[in-house]
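The following account leads through a protein model, beginning with its strands and moving on to its helices and its largest pocket. Please keep the structure in view while reading.

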Amino acid sequence: MTDAESLAPVRRSVRVAANRDRAFELFTGFEWWPKSYSILETRSPQTGVILELSKGGRWFERGEDGSEADWGKLLVVEKPSRLVLTWQLGADYRYHPEHATEVEVNFVPDGTKAVTLTLEHRHFERFGAAAEAVRASVDGPQGWEGLLKGYAEAVSG
C-alpha cells in the first residue's frame, strides 16, 4: 500500500432506547468500556476511561495505581449530537502520538424515544505499513462491533 492509497473506513451503528442527551452522556462516560481493554503498562487494573469534554481534551485510561495511558484527543464536540476523536493506538495497542486515525460518533434521534449511534473510524492510511493491521484490529467482533454491543447493553441495563 502506498501513502496515497486509503483504506475504507470502519462503519458501525447501534440503536438505543434513550434520548440523545442520555445516549451521549453514557457514551462519553465510558463506563460501558470493558476493563479488559486496557493498555496500561503497569498492568494495574483499569479504573476507568476518561474523555475530557472540551476541544483538545485527552482520551485516556487510568489504573488503580494512578497510572495513565493516552488513547487520543477530542477534536470536535457538539453536545449531544457529535464527537470526533483521534485514535492513536496501533495494531500493537500501544500509544503512537505520531499517528492519528479519527473516530466520528453521531447521535441521531429517530423520533421514537430512541437514538441511532453511528460510528465511523477512518484514516487508517496514516499508519503507513501498519495501516491494514490497525484497521483489521478495530473491524470485527472484538473491535467496534463488540464495543457498541456492550454500549447498547449498558444503555438498556
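**Strands, helices and a pocket**

Strand S6 (residues 101-109) and strand S7 run antiparallel and are joined by eight bridges. The model in which this pairing appears is a predicted one. Within the pair, Glu104 stands opposite Glu120 in S7. The two strands form a hairpin with five residues between them, where Gly111 adopts a positive phi near 85 degrees.

S7 itself spans residues 115-122 and is mostly covered, with six of its eight residues buried. S7 also pairs with strand S1 (residues 10-16), again in the antiparallel sense, over seven bridges. In this second pairing, Arg15 is found opposite Thr116 of S7.

Thr101 belongs to strand S6. Is Thr101 buried or exposed? Its relative accessible area is 0%, and because buried means under 20%, Thr101 counts as buried. The side chain of Thr101 makes a polar contact of 2.7 Å with the side chain of His121. Beyond its neighbours within four places in sequence, Thr101 is in contact with Leu85, Thr86 and Trp87, and also with His121, Arg122, His123, Phe124 and Phe127.

A further set of antiparallel pairings involves S2, S3 and S4. Strand S2 and strand S3 (residues 58-63) pair over five bridges in the antiparallel sense, and Val49 stands opposite Glu61 in S3. Six residues separate the strands in the hairpin of S2 and S3, and Gly56 there has a positive phi near 85 degrees. S3 is in turn joined to S4 by five bridges, with the two strands running antiparallel. The hairpin of S3 and S4 has four residues between the strands, and Gly66 in the turn takes a positive phi of about 90 degrees.

Gly72 lies in strand S4 (residues 68-78), where Gly72 is the bridge partner of Trp59. With a relative accessibility of 2%, Gly72 counts as buried. Which residues surround Gly72, once neighbours within four places in sequence are set aside? Its contacts are Gly57, Arg58, Trp59, Thr86, Gln88 and Tyr95. Leu51 is 21 residues away from Gly72 along the chain, and the C-alpha atoms of the two are separated by 9.2 Å.

Ser44 is located in the loop between H1 and strand S2 (46-51). At 10% relative accessibility, Ser44 is classed as buried. Not counting residues up to four places away in sequence, Ser44 touches Gly63, Glu64, Asp65 and Ser67.

Attention now turns to the helices. In helix H1 (residues 20-29), the buried residues are Ala23, Phe24, Phe27 and Thr28. These residues lie on the same side of H1, because they cover an arc of only 120 degrees around its axis. At the start of H1, a side-chain oxygen of Asn19 comes to within 3.1 Å of the backbone nitrogen of Asp21. Just after H1, Phe30 has a positive phi of about 55 degrees.

The buried residues of H2 are Ala131, Val134, Arg135 and Val138. Viewed down the axis of H2, they fall within an arc of 95 degrees and therefore line one face of the helix. Glu132 and Ala136, on the other side of H2, are exposed. What do the buried residues of H2 pack against? Their partners are S1, strand S5 (82-87), S7 and H3. S7 is thus met again here, having already been described as paired with S1 and joined to S6. After H2 comes Gly140, with a positive phi near 150 degrees.

The last feature is the largest pocket, whose volume is about 200 Å³. Fourteen residues line this pocket, and those closest to its centre are Trp33, Tyr37, Trp87, Leu89 and Tyr93. Helix H2 (131-138) and helix H3 (144-156) are the elements that give two or more residues to the lining of the largest pocket. Trp87, one of the residues closest to the pocket centre, is also among the contacts of the buried Thr101.

Methods: Residues are numbered from 1 along each chain as its sequence is written. This is a predicted model: local features need pLDDT of at least 70, side-chain atom pairs count only at pLDDT 80 or more; totals for chains, interfaces and linings use all residues. Side-chain values use heavy atoms; hydrogens and water are left out. Buried means under 20% relative accessible area, exposed over 50%, partly exposed in between (1.4 Å probe, protein chains only). Two strands pair if DSSP finds at least two bridges between them. Contact means heavy atoms within 4.5 Å. The arc is that of the directions from the helix axis to the C-beta atoms. A polar contact is a pair of N or O atoms within 3.5 Å; within protein, one must be able to donate a hydrogen and the other to accept it, and residues adjacent in sequence count only if both atoms are side-chain atoms. On a 1 Å grid over the protein atoms alone, a cavity is a set of points where a 1.4 Å probe fits but cannot get out, and a pocket is an open set with protein on both sides within 12 Å along at least five of seven lines; lining residues have an atom within 4 Å of a point. Grid points are joined across faces, edges and corners, and a volume is the space filled by probe spheres set on the points.
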